[in-house]
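Here are a few exercises to work through with the model open in your viewer. Try each task before you read its solution.

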Amino acid sequence: MKDNLIYTDLPPRLIELNKVVYNLFDSKKIFLQNGDNGFSSAPSNIALVKYWGKKNDELQLPLNSSISFTLGGFRAFTKVTVQGRSVEKSENHPMLFKHKLFLNNENLETKIPLKMEKIINTILLPCIQSLALEIKSQNNFPTACGIASSAAGYAALVGSIADLLQLDKHFSQDNLLYWLTQWARIGSGSATRSVFSDKDFFVKWKVEDQLPENKKIYSDTLSIPYNEKWTDLNHLVLVLDSSEKKISSSEGHQYVHTSPFQNIRLAGLNSKLHLLEQAIANFDFKKVQEISEEDAILMHAVMQTSSPKACYLTHETSDIIHSFVQRRNKLQAEAFWTLDAGPNIHILYMPSACNFIHDFIKNLEIKKSGSLKILKNNFSGGLMLGRNNFYEMKNKLNTTGALS
Ligand code: DP6
């Protein structure tokens, strides 16, 4: 392999993928030409035990393990097209060529984020040095307001490049997902939990506490065994504010060490993760509820006591959660809330709690003012590659509609 890896700080497993892809190019099993396309659609996810804080920014190593629920109906749709050998050089890396990014059906070219450029170049640059891609990406839910749009976006990006390279012909599905989950995390940590198949409802991003022989800390993402009853779990988001957050998650992660609550949160986390896995396997709804709600509170306590503060909550969010918990407890409804890095409230509930949810929403003050949007995630599904899946999924979600 040519010694032209420009990122020396890659996770070791990504360097392995680099070598495999390089060999496929070298033996002419992969070749690209102008106009070739790759398509992918990827789900978002909501963490029940959150990833907040990094051990290492470059390697995207989290301070703690996390567990998420896959949001199959909130998806990013990404299409990449080879646009020949661009002569325009990138600003960020003068030796690289410039890719073009268009977001959410806009005709305007958006500045390509550094992390996105790194994702693309990580795998492609050692293999093919003068490639320019056009990337068109669209979400069926609001961006950057606490619905993990970067998770879906980066998962769909690596999926579309994998489709462009037709990697599914050279890897088993499990193997391919394994590589892609490592690759997606370079763009956004939470994206590593969005690269899973339809059967993977709950996903754990696990960081190893014990150092392996090479003394490097590493992390892995795996699907968690679950009781079948969870397949009936419903999810919706009360969108109180869909404007973009002022402090990005990537920035917020940097301040965790300044919060007095950080060590308190971390201290109990490993045993909570263990209990959560057990509760997911045994369908212990109450336990999942307790652990999820507590970790959402603790994560926001860390955010709000960091310096500088990352305050995502509004009074409205707190009031709605308060009345949700009161009524839920009174009715013993199988429903719980959680939050991402934003003011919008995620609610997860079993069919037995549908009436409670319906009445709760109907009576919300903000509902009466007409400014509440409710996003229903009514589809389960994992990462999908290929043109047919892409259009089939797009049509399905357009007709069922995430927005109501
Ligand atoms: C609050 O994955 O968005 O959503 O790795 O810097 O891109 P980067 O951060 P990101 O952080 C997500 C934080 C969270 C909790 C979670 O999803 O676990």
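**Exercise 1: a side chain that reaches the backbone**

In this predicted model, the side chain of Asn140 comes within 2.8 Å of the backbone oxygen of Gly73. Find a backbone nitrogen that lies 2.7 Å from a polar atom of that same Asn140 side chain, and say where Asn140 sits.

Solution.
- Start with the nitrogen: the one you want belongs to the backbone of Arg75, 2.7 Å from a polar atom of the Asn140 side chain.
- Now place the residue. Asn140 is in the loop that runs between strand 7 (133-139) and helix 3 (149-164).
- Put together, the Asn140 side chain has a contact with the backbone oxygen of Gly73 and another with the backbone nitrogen of Arg75.

**Exercise 2: around the ligand**

Work out which residues are closest to the ligand, and how much of its accessible area the protein covers.

Solution.
- Go round the shell: 18 residues surround the ligand, with Tyr51, Gly189, Ser190, Ser250 and Asp340 the closest.
- Sort them by class, and you get five nonpolar, eight polar and five charged residues.
- Ask which element gives the largest share: that's helix 5 (residues 249-253), with three residues.
- Look at the polar side-chain atoms next. Tyr51 has an N or O atom 2.6 Å from a ligand oxygen, and for Arg193 a polar side-chain atom is 2.7 Å from an oxygen of the ligand. The side chain of Gln60 has an N or O atom at 3.3 Å from a ligand oxygen.
- Finish with the cover: of the 450 Å² of accessible area that the ligand has on its own, the protein covers 96%.

**Exercise 3: a sheet and its helices**

Trace the open sheet that contains strand 10, and explain why strand 11 and strand 13 each have one side without a neighbour.

Solution.
- Write down the order: four strands, 11-12-10-13, with antiparallel pairing.
- Read off the ends. Strand 11 (335-339) and strand 13 (373-377) are at the edges with a single partner strand each, so one side of each has no neighbour in the sheet.
- Check the twist, which averages 25 degrees from one strand to the next.
- Zoom in on one pair: strand 10 (residues 234-239) and strand 12 (residues 345-349) run antiparallel and are joined by five bridges. Here Leu236 is opposite Ile347 of strand 12.
- Add the helices. Helix 8 (residues 285-304) packs on the sheet, touching strand 11 and strand 12, and its direction is at about 25 degrees to that of strand 11. Helix 9 (residues 315-331) also packs there, touching strand 10, strand 11 and strand 12, at about 160 degrees to strand 11.

**Exercise 4: unusual backbone**

Which peptide bond is cis, and where does Lys28 lie?

Solution.
- Recall the background: most residues other than glycine have a negative phi, and most peptide bonds are trans.
- The cis bond joins Ser307 and Pro308, with omega about -5 degrees. Pro308 is in the loop between helix 8 and helix 9.
- Lys28 isn't a glycine, yet its phi is positive, about 60 degrees. Lys28 lies in the loop between helix 1 (12-26) and strand 1 (37-49).

Terms used: Residues are numbered from 1 along each chain as its sequence is written. This is a predicted model: local features need pLDDT of at least 70, side-chain atom pairs count only at pLDDT 80 or more; totals for chains, interfaces and linings use all residues. Side-chain values use heavy atoms; hydrogens and water are left out. Two strands pair if DSSP finds at least two bridges between them. Helices (H or I, at least four residues) and strands (E, at least two) are DSSP runs, numbered from the N terminus. Axes are lines fitted to C-alpha atoms, for helices over the stretch in contact, and angles run from 0 to 180 degrees between N-to-C directions. Contact means heavy atoms within 4.5 Å. A residue is near a molecule or strand if one of its heavy atoms lies within 4 Å of it. A polar contact is a pair of N or O atoms within 3.5 Å; within protein, one must be able to donate a hydrogen and the other to accept it, and residues adjacent in sequence count only if both atoms are side-chain atoms. Accessible areas come from the Shrake-Rupley method with a 1.4 Å probe; for residues, only the protein chains shown count as cover. Ala, Val, Leu, Ile, Met, Phe, Trp, Tyr, Cys and Pro count as nonpolar, Asp, Glu, Lys and Arg as charged, and the others, Gly among them, as polar.
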